[in-house]
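Visitor: Could you walk me through one part of this model up close? I'd like the sheet in the first domain, and then how that domain meets its partner.

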Amino acid sequence: MINWNALYDRLRAAAPSLELRRDEPMSRHTSFQVGGPVPLMALPKDEDEVQAVLYTAAMEFGVRPFFMGRGSNLLVSDQGADLLVLKACDGLDRLELLPEGEWPGHRTIRAGSGVSLARLSKFALEHGLTGLEFAQGIPGSVGGGVYMNAGAYGGEMGQVVSSVSSVSLPEEEVVQRITKNPEFSYRRSQFQAGDEFILRACFTLEPGDPAEIRARMGDFAQRRREKQPLEYPSAGSAFKRPAPVDGRPVYAAALIDQCGLKGLTVGGAQVSEKHAGFVVNRGGASCGDIIKLMAQVRRRVLQETGVALEPEVRYLGKEGEGWNF
Ligand SMILES: Cc1cc2nc3c(=O)[nH]c(=O)nc-3n(C[C@H](O)[C@H](O)[C@H](O)COP(=O)(O)OP(=O)(O)OC[C@H]3O[C@@H](n4cnc5c(N)ncnc54)[C@H](O)[C@@H]3O)c2cc1C
């Protein structure tokens with residue numbers, strides 16, 4: 001059993017200005033607006049505070065914190081989760097253009113893990129750099145975007161990330177490392193394999209025509225507004241893109257639509273009528289509603305098409321809870 005009061009007191013002593021919240025409802029921190037409380041949340045303002053949390057939690061209490069960014073790909077149980085959540089959102093938001101270096105003709109932006117992808121892509125535009133237009137409408141952070149290898153409209157983080165600074169959970173001390181050219185694949189990064197908190201990432205980009213960059217960003221934003229149910233809370237695409245069949249791409253939204261599941265509702269959760277790939281919170285949805293709805297969608301798609309959809313959304317809950325598919 002973790003003594004949360006004792007951990008709170010130790011963190012308070014180790015980092016007196018660290019923002020700490022007890023029994024914090026996760027519905028305040030997820031784009032689904034769903035989720036019960038976690039006993040302790042830490043919101044570090046800088047990298048020293050991150051290290052203090054990691055060291056104290058892991059070394060003194062044997063606690064592995066859960067790392068989160070803007071909660072735009074998280075589904076949290078109605079009962080919450082027995083976790084220390086380390087949220088890199090408002091702190092860790094440094095953004096800078098580095099001097100020309102290793103890649104002649106290219107420029108590198110270094111961004112803290114709490115920087116929003118919208119701010120990052122706008123910064124690239126302001127410096128006439130191309131490659132991050134795709135990220136503008138993704139409501140995540142640099143940390144979450146790198147971890148998930150977020151992508152859209154043919155672009156993804158893996159195409160532009162040149163290095164990542166992270167800290168690993170300490171065995172004896174907090175270890176900081178820089179990974180050059182990290183490995184990425186569809187919605188996966190090498191950071192999913194370990195207990196590493198992403199502190200910063202470098203994005204190496206080519207110069208481009210600002211008018212063209214702005215036009216591409218405008219086009220992507222318009223496509224999102226037209227096709228996605230941005231008026232309702234969601235976590236974006238509920239399911240991953242399935243593996244290609246006979247070399248041809250298969251899309252989860254198309255399969256769900258083909259099975260006539262648009263508008264399928266459980267409690268306050270609904271398969272969006274606008275975009276079958278999105279599960280939306282139409283008001284008052286519980287995590288239970290969302291899980292039941294996703295299970296129904298998965299079962300029907302499997303029965304009718306033979307394709308087993310896998311959730312793209314990450315689930316956080318009490319021990320033993322889960323998708324239960
Ligand atoms: C309306 C809408 C549209 C979306 N469109 C897209 C899209 O087009 N393409 C796309 O790929 N996604 C999309 N998403 C999903 C989501 O925005 C992305 O997955 C995003 O990258 C998640 O970032 P986040 O900061 O919110 O991460 P979170 O949801 O907070 O966390 C996601 C995962 O990243 C890990 N993580 C977060 N920060 C760190 C860190 N600093 N260190 C280590 N691990 C960390 C968490 O542990 C968790 O496992 C959309 C979501 C919404 C709501």
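Guide: Here is the sheet, followed by the domain contact. This is a predicted model, where local features need pLDDT of at least 70, side-chain atom pairs count only at pLDDT 80 or more, and totals for chains, interfaces and linings use all residues. Residues are numbered from 1 along each chain as its sequence is written.

Four strands make an open sheet of mixed pairing, ordered β1-β2-β5-β3. Strands (E, at least two residues) and helices (H or I, at least four) are DSSP runs numbered from the N terminus, and two strands pair if DSSP finds at least two bridges between them. β1 (19–25) and β3 (66–68) are the edges, each with a single partner strand, so one side of each has no neighbour in the sheet. From one strand to the next, the twist averages 30 degrees; axes are lines fitted to C-alpha atoms, for helices over the stretch in contact, and angles run from 0 to 180 degrees between N-to-C directions.

β1 and β2 (residues 37–43) run antiparallel, joined by six bridges, and Leu20 sits opposite Ala42 in β2. Helix α1 (residues 4–14) packs on the sheet, touching β1, β2 and β5 (84–87), and its direction makes about 10 degrees with that of β2. Contact here means C-beta atoms, placed from the backbone, within 7 Å.

Now zoom out: the domain assignment gives domain 1 (4–87), domain 2 (95–221) and domain 3 (229–316), with bounds from an automatic or database assignment. The centres of domains 1 and 3, taken over C-alpha atoms, are 29 Å apart. Their contact takes 14 residues from domain 1 and 14 residues from domain 3. On the domain 1 side, strand β4 (residues 74–76) gives the largest share, three residues.

How values were computed:
Contact = placed C-beta atoms within 7 Å.
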